[in-house]
Amino acid sequence: MDGSQNIPRRELAFLDERGGFSLTLKRNCSNSPAGFACACGALAVAALAIGTGFALAGAWLVLPFAGLEALALGAAFVLYARHAADYERIELGAGRLTVEVADAQRSARYELDARRVQVCVRNEHGVRVVLRGPKEELEVGRNLDAEARLRFAAELDKRLRI
Amino acid sequence: MRWITTTNHKDIGTLYLWFSFIMFSVGGLMAVGIRMELFSPGLQVMDPDFFNQLTTMHGLIMVFGAIMPVFVGFANWQIPMMIGAPDMAFARLNNWSFWLLPFAATLLVLSFFMPGGAPGVGWTMYAPLTVQMGIGMDLTIFAVHILGMSSILGSINIITTILNMRAPGMTLMKMPLFVWTWLITAYLLVAAMPVLAGAVTMTLTDRHFGTSFFNAAGGGDPVLYQHVFWFFGHPEVYIIALPGFGVISQVIPAFSRKPLFGYASMVYATSAIAIISFIVWAHHMYTVGMPVTGQLFFMYATMLVAVPTGVKVFNWVATMWKGSLTFETPMLFACGFLFMFTLGGFTGLVLSLVPIDIQVHDTYYVVAHFHYVMVAGALFAAFAGIYFWIPKWTGHMYNETLGKIHFWLTLVFFNMIFFVQHFLGLAGMPRRIPDYPLMFETWNKISSLGAFGMGLAQLLFLYVVIDCIRKGAPAPQKPWEGADSLEWTHLPTPVPYHTFETPPVVK
Ligand SMILES: [Cu+2]
């Protein structure tokens, strides 16, 4: 899409040429959930402290608004931090393809038979990469943008057929 | 339809900017009405009550409808591009934050058509006058609630974006100063806005639900309202000014072809201004009768603001020192800002002194002071920012000659309006009056003529912008030689609809 952007791409670091590989895909997050919690918490405490101060001075209707705002800050934290640590780890070794997906609080581990897995690229609501086994389907590459997903799918496909 | 449902930060930025221009025009027309009435002594154009309604709405609309949204527009356009993020953290929330604004603005304007008209209480909405107003007051209170909600949602979004979505390598101390000033502004908004919401809610319950927070008739305390309002009101000044400082901190280095002098001290000075802004509020109310200790505390605290502000002015000048300067329109506005804002800062220092303030409290000296801060400070910074980034946004260059003419006209007319108001204030002319003694006539005539000129000059600005969008010459990726933030170095002109879906790596 933005091929015109002259941006150094993050390399998809497939390990050695021949054998297996291990790949971890994370979203870009410049702050840890704990760090963000501190920022939101400090703000909420400041707003509540100001509200309490006014309540003591008789103007208690500031406090409910500070409370509402603290809730909004909390919601922002939950919404953001839930997915801040999402990752997908894809490992190939000894004929097995292992996919570990952490999404919000849940983390799941899937084992697939590498010889019977197909890599499909679908074009519904943007590009999606799906691993199709005999019984199950598994979406991967959700933390990549469209262009990187295509390159990822091509490379994965190549590796699986070695 | 695209514009109603859009969640793209660039679209929403554009919406904010146009909304702000519309409100700037509405508020500007009100100012022209005010200056028409004040052109001559005596009452000629309107009755005094309507005059009060105009001053009130002019203030509210300019502060909440024009100046704050213009900088939120900048934030939406620039912050994701400057930190290498694909969009704002909460894109749908961003859309809601914007669409609350036209709704609130409609309520404000509608209040003119209510029985009793718009509230004529001044933008500060002091009790107990607010208790006596008609239904227009309730619309205004509701509008302020909505505006506050929009600001809070917007700030939470900005904080989340800046803290969490920076590109790899974009550490906090590498962020462009514009981003820093917005981070601090968002903190200020989150801390101050509930106080405003509380203040107007208590006004509402005093009016309709039998409480007596501020109504002395029921045992309440009108001075408490002033404390509550100004606890919000003074940080609000910096909410308006800080993003402007940020814009100036991008523009001056670009046209000096030098990095910003004293980057770290700029960050610390901005934070210091933000913190001090919470302990100076009572300098707006020296005359309500407070203990001398209180007056002294607020006087010294207020004078303290001059230290970090002085650091900033020094750094801007030092950035220009021995730089290879050119004076395109953005730089002209930045220099105009530097001179005029500093003047406004100095009169602020004068007003911080209790013995002087007691003399000039509620006179045109105060009006002159805060217009130097709001217009020559914030508005000039906004113009600087628009001329600076419009090539990036539209892909076209604006007409440089017309831009320069716009600057000079604005500068001259601005000083014509407001410089003379210092004299009026020192001579004792009170603010918020539609009539005045004959001795004030000359300066008022000059001021009014300046206001009409200033209004016309902004039509030229509108023409320059439309001309730039329609048929400006194509702009290169980096039209300003010294500009060095990511949007200039990494993105083509005009910027694509989606940028930085893969974050750049910042070294
Ligand atoms: Cu103040």
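In this predicted model, helix H7 (residues 222-256) of chain B packs against helix H8 (residues 263-276) of chain B at an angle of about 170°, their axes lying 11 Å apart. H7(B) and H8(B) are therefore roughly antiparallel to each other, since an angle over 145 degrees falls in that class. The contact is formed by Tyr238(B), Leu242(B), Phe245(B) and Ser249(B) on the side of H7(B), which meet Met266(B), Thr270(B) and Ile273(B) of H8(B). Classified by residue type, this contact of H7(B) with H8(B) comprises five nonpolar and two polar residues, with no charged residue.

A second helix pair of chain B has another geometry. Helix H10 (residues 329-352) of chain B and helix H13 (residues 400-426) of chain B pack with an angle of about 10° between them and a separation of 9 Å between their axes. Angles under 35 degrees count as roughly parallel, and H10(B) and H13(B) are therefore described as roughly parallel to each other. From H10(B), the residues Thr329(B), Leu332(B), Phe333(B), Gly336(B), Met340(B), Leu343(B) and Thr347(B) take part in the contact. Their counterparts in H13(B) include Glu400(B), Lys404(B), Phe407(B), Trp408(B), Leu411(B), Phe414(B) and His422(B). The residues in the contact of H10(B) with H13(B) divide into nine nonpolar, seven polar and two charged.

Between these two helices in the sequence of chain B comes helix H12 (residues 364-394), which bends by about 40° at Phe388(B). A proline, Pro391(B), follows within four residues of Phe388(B). H12(B) is mostly covered, with 29 of its 31 residues buried. Just after H12(B), Gly395(B) adopts a positive phi of about 80°.

The loop between helix H5 (135-164) and helix H6 (177-208) of chain B contains Pro176(B), and Lys174(B) lies in the loop between H5 and H6 as well. Pro176(B) counts as buried because its relative accessibility is 12%, under the 20% limit. Lys174(B), at 42% relative accessibility, counts as partly exposed. Apart from neighbours within four places in sequence, Pro176(B) is in contact with Met82(B), Met170(B), Gln250(B) and Ser485(B). With the corresponding neighbours of Lys174(B) left aside, Lys174(B) is in contact with Gly169(B), Tyr263(B), Val506(B) and Lys507(B). The C-alpha atoms of Lys174(B) and Ala264(B) are separated by 9.6 Å, although these residues are 90 residues apart along the chain. Pro176(B) and Leu349(B), 173 residues apart in sequence, are 29 Å apart in space, C-alpha to C-alpha.

The description now turns to chain A, which has three helices and seven strands. Along the sequence, the elements of chain A follow the pattern β-α-α-β-β-β-β-β-β-α. Of the 162 residues in chain A, 41% are buried. Among contacts in chain A between residues at least 6 apart in sequence, 46% join residues at least 24 apart.

In a regular strand, side chains alternate between the two faces of the sheet. Strand S1 (residues 21-26) of chain A shows such an alternation: Phe21(A), Leu23(A) and Leu25(A) point to one face and are buried, whereas Ser22(A), Thr24(A) and Lys26(A) point to the other and are not buried. S1(A) pairs with strand S2 (residues 87-93) of chain A in the antiparallel sense over six bridges. Lys26(A), at the end of S1(A), stands opposite Tyr87(A) in S2(A).

Elsewhere in chain A, three strands form an open antiparallel sheet in the order S5-S6-S7. Its edge strands are S5 (118-123) and S7 (137-140) of chain A, each of which pairs on one side only. Neighbouring strands of this sheet are turned by 35° against each other on average, direction ignored. S5(A) pairs with strand S6 (residues 127-132) of chain A over six bridges, in the antiparallel sense. Gln118(A) has Arg132(A) in S6(A) as its bridge partner, and Val119(A) stands opposite Leu131(A) in S6(A). The hairpin of S5(A) and S6(A) has three residues between the strands, and His125(A) in this hairpin takes a positive phi near 50°. Helix H3 (residues 146-160) of chain A lies across S5, S6 and S7 of chain A and runs at about 25° to S6(A).

How values were computed:
Residues are numbered from 1 along each chain as its sequence is written. Chains are lettered from A and ligands numbered from 1 in the order in which they are written. This is a predicted model: local features need pLDDT of at least 70, side-chain atom pairs count only at pLDDT 80 or more; totals for chains, interfaces and linings use all residues. Side-chain values use heavy atoms; hydrogens and water are left out. Axes are lines fitted to C-alpha atoms, for helices over the stretch in contact, and angles run from 0 to 180 degrees between N-to-C directions. Angles under 35 degrees count as roughly parallel, over 145 as roughly antiparallel, 65 to 115 as roughly perpendicular and the rest as oblique. Contact means heavy atoms within 4.5 Å. Ala, Val, Leu, Ile, Met, Phe, Trp, Tyr, Cys and Pro count as nonpolar, Asp, Glu, Lys and Arg as charged, and the others, Gly among them, as polar. The bend at a residue is the angle between axes fitted to the seven residues ending there and the seven starting there. Buried means under 20% relative accessible area, exposed over 50%, partly exposed in between (1.4 Å probe, protein chains only). Two strands pair if DSSP finds at least two bridges between them.
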